[in-house]
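Q: Can you walk me through this structure? I'd like to go through it piece by piece.
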Amino acid sequence: MTAFHSSPRMLGQKQDKFWLTVGLCALTAALIFLPFYLLDGGFFHYAGDFNSQQISFYRYMNGFLKGAGYPAGYGGVKNTFSWATDLGSGTMNAYSFYLYGSPFFWFSLLFPQNWLPYLMVPLLVLKFAVAGGGAYLYLRRYVKDPNFAVLGAALYAFSGWGLYNIFFNHFIDVLALFPWMLWALDETIYEHRHGWFAFWVAVNLLNNYFFFVGQVLFLVIYFVCKLSAGEFRLTPRLFGQLAFESLLGVALGFVVLWPTVLSVLQNPRTIDLSSGWGFLTYSKPQQYLAILLSWVLPPDSPYMTSIWSEGIIKWTSMTAYLPLCSLAGVVAYWRARQGDSKKRIIAVCMVFALVPILNSAFYALNSSYYARWFYMPVLILAAMTVSAWEDPSLDLARPARSIAFVMIATLAFALVPVQDATTKEWSLGVLQNPGQYCAVLAFGLGGLAVYHCICRRWQQRRVFARRLLAGVLAFSCLFGIVHIGIGKFGQWNTDSDLVEQYINALALKEDLPEGDWRIDTYKTHDNLGLWLDKSCLQYFGSTAAPSILSFYPALGVKRDVRSQPELSNYALRGLLSVRYLLTTLAHQKQFHAEADEGWAYYDTLDGYVLYENQNYVPMGFTYDYYLTEAQYEDTVTPTRSNLLMRALVLTEEDAVAYGQYLTPLPTAELNDLTYTRYTQDCADRRASACTTFEMNSAGFHAEATLDRANLMFFSVPYDDGFTAYVDGQETEILRVDEGLMAVLCPAGTVTIDFVYQPDGIRLSRTVTLAALPVFLLYAGHFAWDEKKRRKH
């Protein structure tokens, strides 16, 4: 083993700068957010996903897990099913991608629910501090002077990837925790330490299963490249230890992993190898240029591009930019080192980035393009950069000029002559957002100019690391403010009333009539249902109950990352038991122009105008008719919602088993799908509705009186995790209407309870509970053994 890979000084020894790194990263992050925190009065809002999802999710889940809102369900089960998540969804499966396993979220539970919108910035500051601390520990092994490890940690924490993904918030959790796992792997390989790798595997898995898939692939690449470069010797004992700790870490996180896998496999956004996106090449040439330049130029705002008009660019986290220096330090390192593992890792990563199927392997062959795994090679780029900076014999200024030339070459996109296809007039440039491009280019070139100056003046002096650190942190602070500002103020006209609407929604929650029903919204901000703690037809979130993603498309309603059925689909409101619709005074007139006659003005409360659905049908009702899925799929899509108010859709198997309780829908009834007939169907369903319907935090309780045995329909998304009890007896649940539920009830007065536990939770909980004592004994044994060795 060479001195280059010698063991770092451990925490607590003389020259360790771990806490300095944590403090500097926290301070820099705080300064980036400070102007916006003051401007927003503490309720920081940014744009897009941050505003619509992250603030709402953190606040809602804080209250949900503390038992706020709905009571416990049948048998005392509680906090497993969220009614406010779309049409209703299992909590673990809906939120494990966002926050359910995040240590930062669980830390936030120490604070009251109403504090959460004001704690988003302090939590982000904490995340950047943890990212810097983990990166420092990892990088300390690869430098002689710990000041350069501090530098590398800043490069990683405030990389383009880190600043870009503030927009998504929970991605910063991944940025923060990944370096600790890579540090633990190095500790296992080089120092033969035990337990840490298993622990950090579990933490990263629990934090985000989606990113964990990519982390596993990257660790394989990392391990193989280091092994092939001869940087360590793989013995059977080392291999056995790594394999054992890997499996132990997965077992510790299995409690979330297995139920989530079972749920995600039903999600059509996951694996799709026949969607035409191609295995080996991207369909648009601009995609390749965008990928390559994303490693060189500072990032654009997530929802707007400076240059590219084609390809999948927005919201993809496509950036691997290092603050101030870009790839200048990497180029210097690349020229100086031969047969180095870091070069191999980056070369492999670049190949993966340029080949679609390899890129998607970081997300279990997800059919959508993302570059959300770039934070991992960014850590390696930071290690290469600081290693180059520490070597006084390297020419650091020359690579800076080369990178500057690449940046300047992008001016071709601003100066290329273009002829309009319609007017035949000529103009200059193909830029999509010239203002943002100028800002990005100015920061890119300005950073390199400062970097070049520092290298020329101080490279051979002891203050070199301190000057670079000052430059990196100052640049990160300034660019971070500008980057967030571009995204924030680019949507200011849209989001300026966001805080007002959310605060008003909290007041409205107390003023709404009592009862358990759904709401709808018209041209309000996203996810108001989470603030009202009501199931809402308008919902923005990727991982709701998978059956929603089959139910809506069957009706011609698009469901990708959001549920947003058009107001014109009036019959859907009756089917899904929508009682009230909310809009704002500013959009009241537009609502009147678009709405059907079934909405009646109810009241104006807390800044919202409420309309009551005159065709409201309480949750839980029966039918007289049924039709099979084959018959249903032969009907015209736009009027299927009307049809669902008349007949229950059964699978072929269920039609054979349960068709005796209903009458096949006559052919003539397939055609009379007018609004007038819809109102009659609503009245018929209302007449057979449950007398009691009570939502709870594990499902629901209902009571009904039936004149004959019949299937009771509930417009609740089907999930294998549900168990139904009719009069206390477990009863089979039918998947009806291509995604909703029904259960057979006998004649007379009946009680119905649906109880939700995530599918697979019994197995996953057993595995994790079995793994926990194994881990404690394993880690404890080696910790005790190490303590004894130190004494002797």
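A: Let's start with a term we'll need. Buried means under 20% relative accessible area, exposed means over 50%, and partly exposed lies in between. Also, this is a predicted model.

Q: What does the pLDDT average for the protein?
A: The average pLDDT is 94. At least 70 is the score of 97% of the residues.

Q: Where is the pLDDT below 50?
A: Over residues 1-14. That stretch has 26 contacts in the model beyond near neighbours in sequence.

Q: New topic. How many salt bridges does a search of the whole structure find?
A: The search finds 19 salt bridges.

Q: Which residue forms a salt bridge with Glu612?
A: Arg579 does. The closest N and O atoms are 3.5 Å apart.

Q: And where do the two sit in the chain?
A: Glu612 is in strand β10, residues 608-613. Arg579 is in strand β8, residues 578-584. They are 33 residues apart, so the pair links distant parts of the chain.

Q: Why does Arg579 count as partly exposed?
A: Its relative accessible area is 25%. That falls between the 20% and 50% cut-offs, so Arg579 is partly exposed. Glu612 is partly exposed too, at 21% relative accessibility.

Q: What about Arg685, which partner does it have?
A: Arg685 forms a salt bridge with Asp624. Their closest N and O atoms are 4.0 Å apart. Arg685 lies in helix α31 (residues 675-687), and Asp624 lies in the loop between β10 and β11 (625-628). The two are 61 residues apart in sequence, so the salt bridge ties those parts together.

Q: Buried or exposed, what is Arg685?
A: Arg685 is buried, at 4% relative accessibility. Asp624 is partly exposed, at 42%.

Q: Which residues do salt bridges with shared partners join into one network?
A: Arg141, Asp186, Glu187, Glu191 and Arg193. Within that group, the side chains of Arg141 and Glu191 meet in a salt bridge at 3.0 Å, N to O. Arg141 is in the loop between α5 (116-140) and α6 (146-157), and Glu191 is in helix α8 (residues 170-191). The two are 50 residues apart.

Q: How accessible is Arg141?
A: Arg141 has 3% relative accessibility, so it counts as buried. Glu191 has 28%, so Glu191 counts as partly exposed.

Q: Let's stay with α8. How many of its residues are buried?
A: 21 of its 22 residues are buried, so α8 is mostly covered.

Q: Where is the kink in α8?
A: At Leu177, shortly before the proline Pro179. The kink is about 25°.

Q: What span should α8 have?
A: At 1.5 Å a residue, α8 should span 32 Å. Its end C-alpha atoms are 32 Å apart, which agrees.

Q: Which residue follows α8?
A: His192 follows α8, and its phi is positive, near 55°.

Q: Switching again. How many disulfides does a search of the whole structure find?
A: Zero. A disulfide is a covalent bond between the sulfur atoms of two cysteines.

Q: Why is there no bond from Cys690 to Cys745?
A: The sulfur of Cys690 is 7.5 Å from the one in Cys745, which is too far for a bond. The cut-off for a disulfide is 2.5 Å. Cys745 holds the closest cysteine sulfur to that of Cys690.

Q: How accessible is Cys690?
A: Cys690 has 9% relative accessibility, so it counts as buried. Cys438 is partly exposed, at 48%.

Note on methods: Residues numbered from 1 in each chain as written. Predicted model: local features only at pLDDT ≥ 70, side-chain atom pairs only at ≥ 80, totals over all residues. Heavy atoms only, no water. pLDDT = per-residue confidence, 0-100. Contact = heavy atoms within 4.5 Å. Helix = DSSP H or I, 4+ residues; strand = E, 2+ residues; numbered from the N terminus. Buried < 20%, exposed > 50% of the residue type's maximum accessible area, 1.4 Å probe, protein only. Expected span 1.5 Å × (residues − 1). Bend = angle between axes of the 7 residues up to and from the residue.
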